[in-house]
Amino acid sequence: MNHYDYIIVGSGIAGLYIALLAINQGSVLILTKGSIDDCNTKYAQGGIAAPIGRADSPELHFKDTMAAGDGLCDAEAVRILTDEAAECVADLITLGVPFDTLNGEITLTREAAHSVPRIMHAGGDTTGEHIEVTLSREVRSTSIKVLEHCLASEILVEDGKVKGVKALDCRTGSMEEYGCKFLILATGGIGHLFKYTTNSDVVTGDGIALAFEAGVGISDMEFFQFHPTVLRLPGVAPFLISEAVRGEGGILRNVEGYRFMPDYIPEAELSQRDIVARSIVYEMKKTHSDRVFLDVTHLPPRLITTRFPQIYRFCRDHGLDITKGLIPVAPAAHYLMGGVQVDNWGEATISGLFAAGETACTGVHGANRLASNSLLESVVFGKRVVQRTEMIASSGHCEERDSHLPLGTNPAISHFFPDREPLPTVLPLNLPNLQSLMWDKVGIIRSGESLKEAASILATWQRSLPQFIDRPSYELNNLVLCARLMAEAALLREESRGAHFRTDFPQSSPEWQRHIVFREKHAAR
Ligand SMILES: Cc1cc2nc3c(=O)[nH]c(=O)nc-3n(C[C@H](O)[C@H](O)[C@H](O)COP(=O)(O)OP(=O)(O)OC[C@H]3O[C@@H](n4cnc5c(N)ncnc54)[C@H](O)[C@@H]3O)c2cc1C
């Protein structure tokens, strides 16, 4: 078995940035199941939040993040996020990410629920692509070993410590084991669970499934963010129309041309994502339409073409000049707030196991993520992962880990899956049926009834999972597990909070200011 100091699973911003820091400490292997740039990171448009503007401060960024998280943020983790942001974005600049500037100063944009302009961007609306290209180029220039088309399928644990990882070579079908001191899951979220999604098809919850099966707690799975404005054109794959478009003055109109957002909330288009997404769903129902429109025709065309070149080009290539015509949009699945439960150093409850980026639940997003905080979380907590491994390496031993993490100031309740009777007749398990079930029953607007139905169907499907023989079968297994985690958590949480909305419990309840953590009943540990 080949042995490395660090094995990193995933090659988005979290995996690549951690690898570039870790190579100064020891040998590094990156396993990634597609090509190096198959990930969500490269699709990020709006940018990365950092409190570096003159009118801004870490304190103000802290307050905005806490407000968006709707009572469930871990205050200590948010303090770390906002205090360490400036240092980490400076690292990205040093690594060569070409953030946009004006007269030698970084340009900052305002996005929904940020009280000041604070979003750094690159290439206008191609921030993620610039980050991914820059970091992967840097990785290629070092001795970091990258194995593409290599899918991590099992965490190897011995005596409560990580020993390595099992992986499938997706091209040859062969299985290999790789040994390591530190294993870092940077596998991204679970957006591929839903029928309409902005996410890459590599985003299938693998890290969450790997950690769950190894006995690690999975937290806050009911909190999933739906982006309000995703292009809805017949025959065109969902394409994100960045929040920053509303930040620059874009207006939402229903199919009758009426500007509806001020009827729902005074902040109108600049309100939080969940409120805008739900308002759009209500408006679509009211007007019997599958879309609303985003209107930027009143903005200077030059602002649109220079600030949003990618969106402008994409729409133009599909026959729509957005400087002159309305953009048809609808909500789509976007971002997971929950994930692998980790502490403020990104460490999970197994010695030597870490998680970073969207797959981790650090507690910074609470019940709802503030826009552009996810790229930031990836680098701030990614850096802390490497700092923690340095501490462990210099002290010469891994500490025993408590199998329950406190998750900040809010208490956590731990659960196993309840037993559910299999249903006599269900649709066959396949990806489209799973994605439709999740969209219809566990989507933007939920109810106890829809969640119970989904949980029972998922429990039935769990009894007939396909055998793991290749990437699609492995991913389907993981998606069903993540779907069950989400449906069961959403069913338990009898309230509405942040991105989780239930028609039968439309208010939030102080009793529910706590986290839901699921664990594997038959975990080895
Ligand atoms: C369209 C879009 C726009 C966005 N815009 C913004 C924005 O403006 N600002 C912001 O802050 N956030 C934004 N986000 C969210 C942000 O991009 C992601 O949260 C972030 O990029 C996640 O980075 P990551 O490194 O955790 O995961 P990803 O970038 O998704 O990378 C995951 C990696 O893990 C690999 N992988 C997964 N499973 C396995 C396995 N079993 N074995 C091996 N490899 C595996 C994948 O192949 C991939 O390389 C956006 C997201 C989308 C989809």
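This note goes through the ligand site and two of the sheets in a predicted model.

1. The surroundings of the ligand come first. A total of 39 residues surround the ligand, and the closest of them are Thr41, Gly47, Asp206, Glu358 and Ser374. Sorted by class, this shell consists of 16 nonpolar, 18 polar and five charged residues.

2. Several backbone atoms of the protein lie at short listed distances from polar atoms of the ligand. A polar backbone atom of Ser11 is 3.0 Å from an oxygen atom of the ligand, and a backbone N or O atom of Leu375 lies 2.9 Å from an oxygen atom of the ligand. For Gln45, a backbone N or O atom is found 3.5 Å from a nitrogen atom of the ligand. The ligand taken alone exposes 1000 Å², of which the protein buries 98%. As for secondary structure, the elements that give two or more residues to the shell are α1 (13-22), β9 (150-158), β17 (327-336) and α12 (373-395).

3. One open sheet is formed by five strands in the order β20-β18-β12-β22-β21, with mixed pairing. Because β20 (360-361) and β21 (412-415) stand at the edges and each has a single partner strand, one side of each is left without a neighbour in the sheet.

4. Within this sheet, strand β12 (residues 218-219) pairs with strand β22 (residues 515-518) in the antiparallel sense, over two bridges, and Ile218 stands opposite Phe518 in β22. Helix α15 (residues 471-492) packs on the sheet, where it touches β12, β21 and β22, and the direction of α15 makes about 140 degrees with that of β22. Helix α6 (residues 206-213) lies across β12, β18 (339-341) and β22, and runs at about 40 degrees to β18. Both α6 and α15 are thus listed with β12 and β22, whereas β18 is named for α6 and β21 for α15.

5. A further open sheet has three strands in the order β3-β7-β6, and its pairing is antiparallel. Its edge strands are β3 (48-49) and β6 (108-109), each of which pairs on one side only. The pairing of β6 with strand β7 (residues 119-120) is antiparallel and extends over two bridges; here Leu108 stands opposite Met120 in β7.

6. As background to the two sheets, strands of a sheet pair through backbone hydrogen bonds, either parallel or antiparallel. The five-strand sheet is mixed in its pairing, while the three-strand sheet is antiparallel.

Conventions
Residues numbered from 1 in each chain as written. Predicted model: local features only at pLDDT ≥ 70, side-chain atom pairs only at ≥ 80, totals over all residues. Heavy atoms only, no water. Near = heavy atom within 4 Å. Polar contact = N/O pair within 3.5 Å; in protein donor to acceptor, adjacent residues only side chain to side chain. Areas by Shrake-Rupley, 256 points an atom, 1.4 Å probe, with all protein chains shown as cover. Helix = DSSP H or I, 4+ residues; strand = E, 2+ residues; numbered from the N terminus. Nonpolar A, V, L, I, M, F, W, Y, C, P; charged D, E, K, R; others polar. Pairing = 2+ DSSP bridges. Contact = heavy atoms within 4.5 Å. Axes fitted to C-alpha atoms, helices over the stretch in contact; angles between N-to-C directions.
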